[in-house]
Amino acid sequence: DYLTQSKRPIIFLGFKIHVALKMLMKGWSISGNEHLGMPTLHAEGAPCDGEIPVPAVIERQLDHMFEVLLAEWESDFCKKWESLAKNKRNSWRTELFLATFLISHVMERDALRLKIRFGSREAVCIPSSTETDIADAYR
């Protein structure tokens with residue numbers, strides 16, 4: 001009951017972001033009778049052993065759809081976080097801590113995903129103004 005969407009929307013949203021990111025990291029595979037001409041993967045001991053991957057074009061389209069959704073959710077999360085951080089009531093501090101911990105973990109995982117996907121290119125670019133905005137929120 002503590003983590004319902006109506007009572008703790010920022011925590012619920014953080015978990016939605018986490019689950020969407022986990023889906024992006026796992027990758028996409030085909031289930032059912034239609035294989036779209038894709039062969040079954042045979043990699044003994046690997047988590048993808050026996051799966052049928054989706055074609056690369058479909059994978060990129062699905063990834064893009066999830067990335068757009070994640071961007072919207074992350075924006076909403078930041079707005080809710082800022083509102084919570086500006087609230088001076090002590091009762092919100094635990095929720096703010098949990099939200100900060102959760103989104104930090106999610107961003108770390110997303111940076112890893114982007115680094116793997118794009119190789120040596122810079123995966124994450126955080127503007128320096130963000131650091132001062134966060135520090136100002138605690139004052």
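Phe97 is exposed in this predicted model, with a relative accessible area of 56%. The residue belongs to helix α3, which covers residues 93–118. Together with Leu98 and Phe101, Phe97 forms a nonpolar patch on the surface, and the three residues share about 340 Å² of accessible area.

Helix α3 also offers residues of the opposite kind. Glu95, likewise placed in helix α3, counts as buried because its relative accessibility is 2%, under the 20% cut-off. Beyond residues up to four places away in sequence, Glu95 touches Arg8, Pro9, Ile10, Ile11 and Leu84. Ile103, another residue found in helix α3, is buried with a relative accessible area of 13%. Its contacts, again not counting residues up to four places away in sequence, are with Ile17 and Phe77. Ile103 and Leu13 are 90 residues apart in sequence, and their C-alpha atoms are 9.7 Å apart in space.

The full set of buried residues in α3 consists of Glu95, Leu96, Ala99, Leu102, Ile103, Val106, Asp110, Arg113 and Leu114. A helical repeat is worth keeping in mind when reading such a list: an α-helix has 3.6 residues a turn, so residues three or four places apart point the same way. The length of α3 can be checked as well. At 1.5 Å a residue, its 26 residues should span 38 Å, and the end C-alpha atoms are 37 Å apart, so the two values agree. Just after α3, Gly119 takes a positive phi of about 75°.

Helix α2 invites a similar reading. At 1.5 Å a residue, the 31 residues of α2 should span 45 Å, and the end C-alpha atoms lie 44 Å apart, again in agreement. The buried residues in α2 are Asp63, Phe66, Leu70, Trp73, Phe77, Trp81, Leu84 and Ala85. Two of these have already appeared as partners of α3 residues: Leu84 is touched by Glu95, and Phe77 by Ile103.

Helix α2 is also the setting for a charged pair. The structure holds 1 salt bridge, and it joins Lys86 to Glu82, with the closest N and O atoms 3.2 Å apart. Side chains of opposite charge can pair when their charged atoms come close. The spacing along the helix fits this picture, because Lys86 and Glu82 are 4 residues apart in helix α2 and are thus separated by about one helical turn. The partners differ in their exposure: Lys86 counts as exposed at 54% relative accessibility, while Glu82 is partly exposed, with a relative accessible area of 39%.

Outside the helices, Glu51 gives a view of the loop between β1 (29–30) and β2 (52–53), where this residue is placed. Glu51 counts as partly exposed, at 25% relative accessibility. Leaving aside neighbours within four places in sequence, Glu51 is in contact with Lys26, Ser29, Pro39, Thr40 and Leu41. Met38 is 13 residues from Glu51 along the chain, and the C-alpha atoms of the two are separated by 10.0 Å.

At the level of the whole chain, the secondary structure comes to 4 helices and 2 strands. From the N terminus on, these elements run α-β-β-α-α-α. Buried residues make up 23% of the 139 residues in the protein chain. The accessible surface comes to about 9900 Å², and 59% of that area belongs to carbon and sulfur atoms. Among contacts between residues at least 6 apart in sequence, 62% join residues at least 24 apart. The pair Glu95 and Arg8 is one of the contacts linking distant parts of the sequence.

Confidence varies along the chain. The average pLDDT is 76, and 79% of the residues score at least 70. Among the elements, helix α2 (residues 56–86) has the highest mean pLDDT, at 88, whereas helix α4 (residues 128–138) has the lowest, at 48. Over residues 123–132 the pLDDT is below 50, and this stretch has 4 contacts in the model beyond near neighbours in sequence.

How values were computed:
Residues are numbered from 1 along each chain as its sequence is written. This is a predicted model: local features need pLDDT of at least 70, side-chain atom pairs count only at pLDDT 80 or more; totals for chains, interfaces and linings use all residues. Side-chain values use heavy atoms; hydrogens and water are left out. Patches are made of residues with over 30% relative accessible area and no salt bridge: like charges are joined within 9 Å, nonpolar side chains (Val, Leu, Ile, Met, Phe, Trp, Tyr) within 5 Å. Accessible areas come from the Shrake-Rupley method with a 1.4 Å probe; for residues, only the protein chains shown count as cover. A salt bridge is a side-chain nitrogen of Lys or Arg within 4 Å of a carboxyl oxygen of Asp or Glu. Buried means under 20% relative accessible area, exposed over 50%, partly exposed in between (1.4 Å probe, protein chains only). Contact means heavy atoms within 4.5 Å. The expected span of a helix is 1.5 Å times one less than its number of residues. pLDDT is the predictor's confidence in each residue, from 0 to 100.
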